[in-house]
Amino acid sequence: MALVRVISSDGAAFLVSQRLAKRSGKLKTEIETFRKSSDNSEAQPEIRIVTIRAEILRLVLQWLQQHQNDPVLPANQNEQDGRGDAEMGQSQWDRDFLAPMDLGIVMELILAANHLEVKGLLDITCKLVESKITGRTVDEIRTAFKLKSDFKGNEEEQTRLENRWCVEN
Amino acid sequence: MSGNSKDSGNGTFTSPNTHPYLPPEIWAKIFRDLPAHDLLSVTATCLEWKELLSSDRTFALLELVLPLLNLNKHAILTCREVSRGAKKSVDIVLESLGTEEYNYTYEHQDSIGERNFKSAFQQINNAYCFSNFFPVVRNSAQSFMNRVGENRNRKDNPFLTRNIDIPINFESDATFTAMERMLTLFGHHVWDLSITADINVINEDEEDEDNWVRAVISTIKLPRLLQLVPNLKNLRFSSSGPENMLLVGGIRPNQLPELPNLVTLSFEDWFDDQSLPFAVLCRYGHQITRWNDCQNSSVLQLDDLAVDGLNNMLPSLKKLQVSSTLASALPKLANVNWKLEELTIESFYQWTTKDLLNIINNFSQTLIKLKIKATVNYPERWDTVKPESLFDAISELFGSSPCKAVPKLQVLSLNVAFAEIEEYNWFWKYAYTMFGHLRELHFDTFLWSDERSINELSVEYIFQKLPNLERIMHWTNFNGEKLLHDMFARD
């Protein structure tokens, strides 16, 4: 089985099958570029991802592993009707996978899925963060993201006035 | 890594062992001002910092994540009220979208979420339109100041997108005074300014063109308005209403103030008059990197402006859009010494294969993106020439190697007519010589509901001609909205 070494920003190396890695658009391109530039067709490609740390890369690979037999969705799937495929693609496994995560980690996963071009993962992580913001009050968002208000003086009031101008005009 | 414990008040945080040692709250202060990308790197460095930043970081990441999310206007605005960090993140995203250059990229790069985000952004941006054709829906500078508050810290930006639209002519002294006051208070926050000549002419008899009244537009306020936006990066002029206006109080370049950050000038929607664009170009041309020429009154075609004049006026130009111009201006484009990286050519009625090749040849060493919206006519003397022998006719005209290579070209967008391989055979024969490194090819239609499709044989032929081409995209125009009709990837 052909393998590829994927290295995180903090230097952790993951050895995965090329078949699995190629389910990421970005890794697929990198493997092909390596092929073209290497004389030895047997050589094992090594890909360094400078923007993703080990903890996050491990989660992406774990998700890919679970979904390795899913059909690959074209990047523009369901673009026309605007619904996206998150609902239809999200399994119980996905829900359990995301449930224990801190929202900060989910946001890092969004960036990683976007960078590595893993559409299915990008969809479900975006949906999760969107659901914590859309239709929520300021206080509900603060609770979901474990944040406290740190506005000083009349900053909060001023921000509200700026927002109101945008809403009413 | 071991660390010293300190109580920062919000819980127990530790600092890494650094020399000199800094307590966690100091690190937190330092990190607060870091850009989101750097913050991400910091948290990857050590566990102590990661924990310290866990909540701050979440909303700093929002700056990177926000454009990918499918959020409506209300949700985006609500985030601003959550915390200082969240507000900062949202504002950075909005202002960078607000001053984004005229984007060359195609919509296929955006997901549906990103597109919805951009439309929410557009709704927010509309709040800063102070020049509307219809006075009833126009936002007034006075009500903006009343409602957002005049007594603000000068450092706080009240224009979320830093992109505002104001009139050049005012209906009364009071409306001008209010605008002047608003810009005096907040004008230094504006990065992107549209100035609209509001031509509100009521014509009793629309059929009778001779009776059209010329709208009289005074430019007398322009220098004062520009003086109040000293940090401007992009400046756009447009005129609305009938294409028939008369500029009075003509503007001289030396009346215009210094705008050291200005890099983009657009007259794309400016009709009829060349004197104002010309004066503005004379004043700021030396610093401009992007210029969109006027649609109906190209500055390029001015007789007084020859190749040397253009070279001197715009020495740093990198990106150019020409909407339409007379045939007499085409040789200028083929001879200026600009190092253009992006060129958009919209509709030249009278141009020929020779003009096209001469223009591409002139920018061959620097072009990265090229968009040709027009179709190309054969030169008159080739009217009788059949398409299949046009190739020979071109060779005869240019010598043995008519086309220079355009080695840096990555993206090429052509009028869908070019997909008729037979008819444009003279072009595709040269494709490899010219566009050997091309990665993305777009066929675009500019007519409404043009249902022309691209046949498989053409696609196969083009992929064969261009070995580095990754994909071909075909766009259609449906009710003015661009839709991706077809996408072909190399197998």
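**Asking why: helices and torsions in a predicted model**

Tutor: Let's start with a pair of helices: α3(A) and α6(A) are roughly perpendicular to each other. This is a predicted model, with local features needing pLDDT of at least 70 and side-chain atom pairs pLDDT 80 or more, while totals use all residues. Residues are numbered from 1 along each chain, chains are lettered from A, and side-chain values use heavy atoms.

Student: What makes α3(A) and α6(A) roughly perpendicular?

Tutor: The axes of α3 (residues 54–66) and α6 (residues 103–116) of chain A come within 10 Å and cross at roughly 65°. Angles of 65 to 115 degrees count as roughly perpendicular (under 35 is roughly parallel, over 145 roughly antiparallel, the rest oblique), so that name fits α3(A) and α6(A).

Student: Which residues of α3(A) and α6(A) meet?

Tutor: On the α3(A) side there are Glu55(A), Ile56(A), Leu57(A), Leu59(A) and Val60(A), and they meet Ile105(A), Glu108(A), Leu109(A), Ala112(A) and Leu116(A) of α6(A). Sorted by class, this contact has eight nonpolar, no polar and two charged residues. Contact means heavy atoms within 4.5 Å.

Student: What is the angle at which α4(B) and α5(B) pack?

Tutor: Helix α4 (residues 73–80) of chain B packs against α5(B) at about 135°, and their axes are 7 Å apart. At that angle, α4(B) is oblique to α5(B). Ile76(B), Cys79(B) and Arg80(B) of α4(B) make the contact with Ala86(B), Lys87(B), Val90(B) and Asp91(B) of α5(B). By class, four nonpolar, no polar and three charged residues take part.

Student: How do you know that the length of α7(A) agrees with its number of residues?

Tutor: The expected span is 1.5 Å times one less than the number of residues. For the 15 residues of α7 (residues 119–133) of chain A, that should be 21 Å, and the end C-alpha atoms are 21 Å apart, so the two agree. In chain B, α5 (residues 84–98) also has 15 residues, and its reach of 21 Å from first C-alpha to last is close to the 21 Å expected.

Student: Why is α7(A) called largely enclosed by the rest of the structure?

Tutor: 11 of its 15 residues are buried, so α7(A) earns that description. Buried means under 20% relative accessible area (exposed is over 50%, partly exposed in between, with a 1.4 Å probe and protein chains only). Among the buried residues of α7(A) are Leu121(A), Leu122(A), Ile124(A), Val129(A) and Ile133(A), and also Lys119(A), Asp123(A) and Glu130(A). In α5(B), the buried residues include Val90(B), Val93(B), Leu94(B) and Leu97(B). Over chain A, 42% of the 169 residues are buried.

Student: Is Glu117(A) buried, partly exposed or exposed, and what makes it so?

Tutor: Its relative accessibility is 48%, so Glu117(A) counts as partly exposed. Glu117(A) is in the loop between α6 and α7 of chain A. Its phi is near 55°, a positive value in a residue other than glycine.

Student: And Arg162(B), buried or exposed?

Tutor: With 13% relative accessibility, Arg162(B) counts as buried. Arg162(B) also has a positive phi, about 55°, although it is not a glycine. Its place is the loop between α7 (141–148) and β3 (163–167) of chain B.

Student: How many helices and strands does chain A have?

Tutor: There are nine helices and three strands in chain A. Helices are DSSP runs (H or I) of at least four residues, strands (E) of at least two, numbered from the N terminus.

Technical notes: Axes fitted to C-alpha atoms, helices over the stretch in contact; angles between N-to-C directions. Nonpolar A, V, L, I, M, F, W, Y, C, P; charged D, E, K, R; others polar.
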